[in-house]
Amino acid sequence: MAVAATGVEERLLIGGEWVEAASGGRFDVTDPATGEPVGSVPDAGESDVKAAIGAAAGALDEWKALPALQRARILRKAADLIRERRDTIALVMTSEQGKPLAEAAGEVDYAASFLEWFGGEAERVYGQIVPPMNPTSRVLVLRQPVGVTAAITPWNFPAAMMTRKLGPAMAAGCTSVVKPASATPLTAALILRAIEDAGTPPGVVNLITSRSSGMVAQQLFSDARVRKISFTGSTEVGKELIRASADQVKRLSLELGGHAPYVIFDDADLDEAVDGLIASKFRNAGQTCVCANRTYVQAGVYDAVVAKLAEKVTKMVVGHGTEPGVTIGPLIDDRAVDKADEHVKDAIAQGARLVVGGERIEGSGSFYAPTVLEGVTPQMLISTEETFGPVAGITRFETEEEVIRVANESIYGLAAYFHTRDYARLLRVAEKLEYGIIGANTGIISAANAPFGGVKESGYGREGGSVGIDEYLDVKYIQVGGVGL
Ligand code: NAP
């Protein structure tokens, strides 16, 4: 089925209407596996962003006044609709983003899980009654919706990064303007369509697609009606947004870049460790913020791990994500291929040994061969920067103290992983790693019921888990005097 045949809305959603940009401008969306256009969307300008903010502001009072149970029902219904439309959404996602269909279908379920989880949380936005200092007064604490919010999301998880923001925002009683990455706006349109079809009132969620992301951000940050912005993307852009937030002291949540260490100790279950490493490193062709970017293997099992990893990586099948059996799709564009290639060439030039892969795949589309390098050292680019490609670089280590030190030597602090069968070590190492998320004996850490987020330059704020809704709530306390005894 072609993308056009899925009926995806290739328009903006403003105040419950699917509309063109005021300018009439549009831009193409391309398939990274072929370089061919698969659709097009409006190129929104300033007046469209203002209209979307106006629609979100207009819908706010009614939405926040709706009983939490009704907001919860809408969220759960939206989750059900997204699951019912899994195949269609997955096909569109693969067509514009590249990941294999099975992974895309998995992301659709993961995206739905945020709406379902936060449907539950909507009903548990409790306040407090605090014992008073003065016996004639009372102290009440309320948690109230922040108001109009905005979400700016990346291309690597075009469905889940959006629902991870919209779920808690809607549950809390906030309204939103969402701006997906220009590479993946069609998946976003399908997600918003499902949310709309679930009975969400007009204006509660609004979609802006634009090639001018800086202009959209400028509009969002300069409009006093927008009270909070949640951003997932690169640390570089995140820093720009922190600066932009200063003028109006806008609330921000930032889910930024990562540079995850993946540590395998001598006492690990090696098959489990290699499977975990593959899941972490090669999912979405290595284009995830939590993917292993530095792999540290203890000396006693180093050769065995390199051999097991090489055997599995050699069997990976590269191709268009819709073809049966494909496990590695294209990278998002040719610049991403250049970056992966630069990291591999730099590592080899500095003495790393190429075990598998190590080359771009010529022809149409942006493909890079799944790659394993060993003998990687700290000064190589792959040890210091996010590669965002299917390249695993392996470094040998001797002691626990040494590996904790090198694992923590990063400006990033999003996710870290390690494998050991020693449970005292498991607790010790988990506590010492300076990261917001730890995978202990697993390479898969994403879940709607857990607080996802980083420390250091990986950002601040948490998405998911019971704390995820706090990002969309203001705390207010009421001191009531003269109550008497
Ligand atoms: P990006 O270039 O920072 O883009 C992210 C979003 O910001 C897109 O919607 C993009 O729109 C927009 N954007 C770009 N420049 C902007 C600007 N000057 N002002 C406002 N918005 C701007 O990141 P990406 O390349 O899409 O995504 C990859 C990065 O995201 C990686 O660093 C990855 O680690 C990180 N990430 C983090 C998490 C997490 O949870 N911590 C999750 C996923 C990804 P356009 O694309 O249309 O320009």
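Colleague: How many residues surround the ligand, and what makes a residue near to a molecule?

Modeller: A residue is near when one of its heavy atoms lies within 4 Å of the molecule; 30 residues surround the ligand, the closest being Thr153, Arg164, Ser182, Ser234 and Glu386. The model is predicted: local features need pLDDT of at least 70, side-chain atom pairs count only at pLDDT 80 or more, and totals for chains, interfaces and linings use all residues. Numbering runs from 1 along each chain as its sequence is written, and side-chain values use heavy atoms, leaving out hydrogens and water.

Colleague: Why is the pairing of Ser182 with the ligand called a polar contact?

Modeller: A polar side-chain atom of Ser182 lies 2.6 Å from a ligand oxygen atom, so the pair meets the definition (N or O atoms within 3.5 Å). The side chain of Arg164 has an N or O atom 2.8 Å from a ligand oxygen. The protein buries 86% of the 900 Å² that the ligand exposes when taken alone (Shrake-Rupley method, 1.4 Å probe).

Colleague: Which domains supply the shell around the ligand?

Modeller: Domain 1 (8–256 + 459–476) and domain 2 (260–447) each give at least three residues, with bounds from an automatic or database assignment.

Notes
Polar contact = N/O pair within 3.5 Å; in protein donor to acceptor, adjacent residues only side chain to side chain.
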